[in-house]
Structure formats: structure tokens, C-alpha cells
Amino acid sequence: MSCTAKRNPGDVTVLGIETSCDETAAAVVRGGRHVLSSVVASQDELHEEYGGVVPEIASRAHLERIYPVVQHAMEQAQIGRDGIDAIAVGHRPGLIGSLLVGVAAAKALAWAWERPIIGVDHIVAHLHAVSLDTAREPEFPAIGLVVSGGHTSLFAMRSALEVECIGRTIDDAIGEAYDKAAAILGLGYPGGPRVDSRAQRGDDRAHDFPVARLEPGSLDFSFSGLKTALLYAVRGTPTGRGAGATFERDATHLTGPQIDDLCASFQKAAVGAVMLKLDRAIGQRREAGGEMIRSIIIGGGVSANTRLRSVAQALADRLNLSLHLPAMTYCLDNAAMIAGLGCLRLEAGLVDDLSLTASPAGLY
Ligand code: KG4
Ligand code: ZN
């Protein structure tokens, strides 16, 4: 496959495409971190009435939107195909029908424009989001934390490209727990931002919700106990089990201030659980000796959370580490993180070919 004239590393320019879930996104990034354009077409309004993402609706919407979204990203970046060195695409993990639309579009462009195609892991890209549109690059080795709708994972990072998963959730992801909490409280979809904003008005000592520790030394996470504790606090103890269970009451009896208190108490436990394991991971690395951890890197939709951002800063200050969080626009799914990591992979010679496949399963 032919390539454009070789550019300086800082000038490598990549078009990124992201369609792993319910955002259709395209972006152009130069040198790994300068975002020339970032377009995100959200499908929230299509899924809201179902209370969650409907895979068939998501893939159909991606199909309708991918071409205009890519065109818009190219126009916004004021760039033509000659200015693009490679096409990067989020090819795992995610909803297979959604991923396939992005991968097919990326392949078509790579073939037509005679450029390399680069498959990018969506989860690793969330960690790279901290380097977008900022001069503050993280120093490595770092501990990475991805907190999203589908993942809650800890990473030992030697660089933006070399990551090793050292902890993951054994049940729900933290974002999923937020979305379920919102559903239990009747706050609608997407739940995370709504619970976050209600929490800011509430008393976080109103309810004592559990923070899962798991076995001593474990770096894994669990959120199903927290979700159940919230459900019982709202609806009382159930009679029967599973889908046939009946509760003492529904959520309609709750007053506004009671909902605020439940959100604040839930948020305290959810954020406390991820901070506990982040702290533990850094402590374990320090005790083991070896190379010193220099930074904490946090990415994924829940990194937009106000409490998580402030508690993480306090933890980093206490441990004397530099904290790197994405700018708010790059917390949620976007294609700039895909294009940015794509630039680094291109510079490292980590390119794919047209046999690239989409994979619903993740590595982490
Ligand atoms: O990273 P993301 O856009 O998609 C996945 O890769 O899953 O994350 C979406 C998740 C949703 O569960 C959403 O409720 C959550 O991030 N989220 C938040 C906030 N903003 C988004 N959760 C808590 N607080 C927020 N402010
Ligand atoms: Zn994501």
C-alpha cells in the first residue's frame, strides 16, 4: 500500500473513526495530540425511550451518519485526502454491528485513498485522551484507570502503547452501575451525568452504601452489591427472586431531596471503590520496588464525573504524582482519541491491512 511523502513525526496526520457503541465520530489529529477536528454525532435521543442502547438501532444510525460525519471532520480540519497519512479506526471492543460500520468505512477510505489502516483498541484510546489538546504529556511508567460504560480496568503503563491490565470488574462496569442507578431512581438515560448533577445537591452521609474491597490485595472491582443496596434503599426488601420479585414500593414516593441524597451516597461509594483500588495498585508497585510510578492517567466516560475528578486530584497530591484527566470533551466516546493513538501507532510502524477485523470482545 503506498503512502504519502514521509513527514516529520510531529506532523503525522491521521483521520480517526469511532463507532463502537452509540456515538458516530470522526476526527483529524496531528502529531498524536493536536486535534484539528472532532465531530461526534450522539444517538442519545434514539435510545432514550428504551432506557439503554438498542444495538440494531445503533448500527443503522451509524450507517446513516458515518459518511456526513467523516466529511464534516475533514472540512472542519480544512484538510484534503492528501493531508491524511493513515486511517485509524476503533475496532474493539464494542457492539459488533456498530464496530463493523466504522471498520468498513475505514477500509473503504484506506483503499480509495491508498493509505494504511490502523486498528485501535477503544479502551487504550480512552487513556490516550489525556494527551489531546494539551502540552502536559504524562510521564511513564504510569498507572492507568479506565472508567466507562463497559469497562472498569486498571493498567500498568510503560507508554501510551504498552499497557498491561492489572485489575478489572468482576461484574458491572462503573458507568453501567451509574446508568442502572439512574434507572432505579427514575432519572432516565444516560444516567451518569444526571446522577452526578443530583449528587452535588445531596448529602453523601445520608446512606451508608457498600464499597467492594474483594479479597486482600485484589485490584479487581465489583459494583453489583452497590447497585442492589441502592435498589433496596429505594424500593424496600423484595419478596421472591429475579424477574418475579415484588418490592414494597416503587420509586415514585421519593422527594427531590431524597433522590439527591441517594445520588450523593451512591456516588461516594462508587468513586470510593475505584479510588481504593487505584491507591492500592500504586501502593503495591511502590512496595515491590522497581521503576517509580510517575503519573496517574484516568479516561473513559466516568472520568467526566465531578467527584471522581476532585478525589483523584486529592489522591495524586497525597501520593505526590501528576494526575492526567481528559479535557471534558474527550472523556466520552470520541474519535480524536482513536486518531491520536493512531498517530503513535503509525510512528511506531504498528499498522494493519485490509484484513483488519472488528472484534466485540476486548483484551481488557
Ligand atoms: O466512555 P463512554 O462514553 O462509553 C463507553 O466506552 O462505555 O462512557 C459512557 C459512560 C456511561 O455509562 C455514562 O453514564 C457515564 O459514562 N458517564 C458518567 C458521567 N458522564 C458520563 N458517569 C458518571 N458521572 C458523569 N458525569
Ligand atoms: Zn468508551
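**Two cis prolines, a ligand pocket and a zinc site**

Pro93 falls in the loop that runs between strand E4 (86-92) and helix H3 (96-113). In this predicted model, the peptide bond leading from Arg92 into Pro93 is cis, and its omega is near -15 degrees. There is another cis bond to look at, from Phe140 to Pro141, with omega near 0 degrees. Pro141 belongs to the loop between H4 and strand E6 (142-147). One more backbone detail is worth a glance here: Gln78 is not a glycine, yet its phi is positive, near 50 degrees. Gln78 is located in the loop between helix H2 (55-76) and E4.

Next comes ligand 1, which sits in the largest pocket. Three helices each give two or more residues to the shell around ligand 1: H4 (122-128), H5 (174-184) and H6 (191-199). In total, 18 residues surround the ligand, and the closest are Gly149, Asp179, Asp196, Gly301 and Asn305. Sorted by class, this shell is made up of ten polar, five nonpolar and three charged residues.

Some of the contacts with ligand 1 can be picked out one by one. On the side-chain front, an N or O atom of His122 is 3.2 Å from an oxygen atom of the ligand. The backbone joins in as well: Gly150 has a backbone N or O atom 3.2 Å from a ligand oxygen, and a polar backbone atom of Gly175 is 3.1 Å from an oxygen atom of ligand 1. As for cover, ligand 1 has 560 Å² of accessible area on its own, and the protein covers 89% of that.

His122 turns up again at the metal. The zinc ion (ligand 2) is coordinated by His122 and His126, each through NE2, and by Asp333 through OD, at 2.0 to 2.1 Å. Along the sequence, these donor residues follow the spacing H-x3-H-x206-D. The pairing of His122 with Asp333 links distant parts of the chain, 211 residues apart. His122 is in helix H4, while Asp333 is in the loop between strand E10 (322-324) and helix H10 (336-347). His122 is thus a residue to look for at both sites, with a side-chain N or O atom 3.2 Å from an oxygen atom of ligand 1 and its NE2 among the donors to the zinc ion.

Definitions and conventions. Residues numbered from 1 in each chain as written. Chains lettered and ligands numbered in written order. Predicted model: local features only at pLDDT ≥ 70, side-chain atom pairs only at ≥ 80, totals over all residues. Heavy atoms only, no water. Near = heavy atom within 4 Å. Polar contact = N/O pair within 3.5 Å; in protein donor to acceptor, adjacent residues only side chain to side chain. Areas by Shrake-Rupley, 256 points an atom, 1.4 Å probe, with all protein chains shown as cover. 1 Å grid on protein atoms, 1.4 Å probe; cavity = no way out; pocket = protein on both sides within 12 Å on 5 of 7 lines; lining within 4 Å. Sits in = over half its atoms within 2 Å of the grid points. Helix = DSSP H or I, 4+ residues; strand = E, 2+ residues; numbered from the N terminus. Nonpolar A, V, L, I, M, F, W, Y, C, P; charged D, E, K, R; others polar. Donors = N, O, S within 2.8 Å, 3.2 Å for Na, K, Ca; no water.
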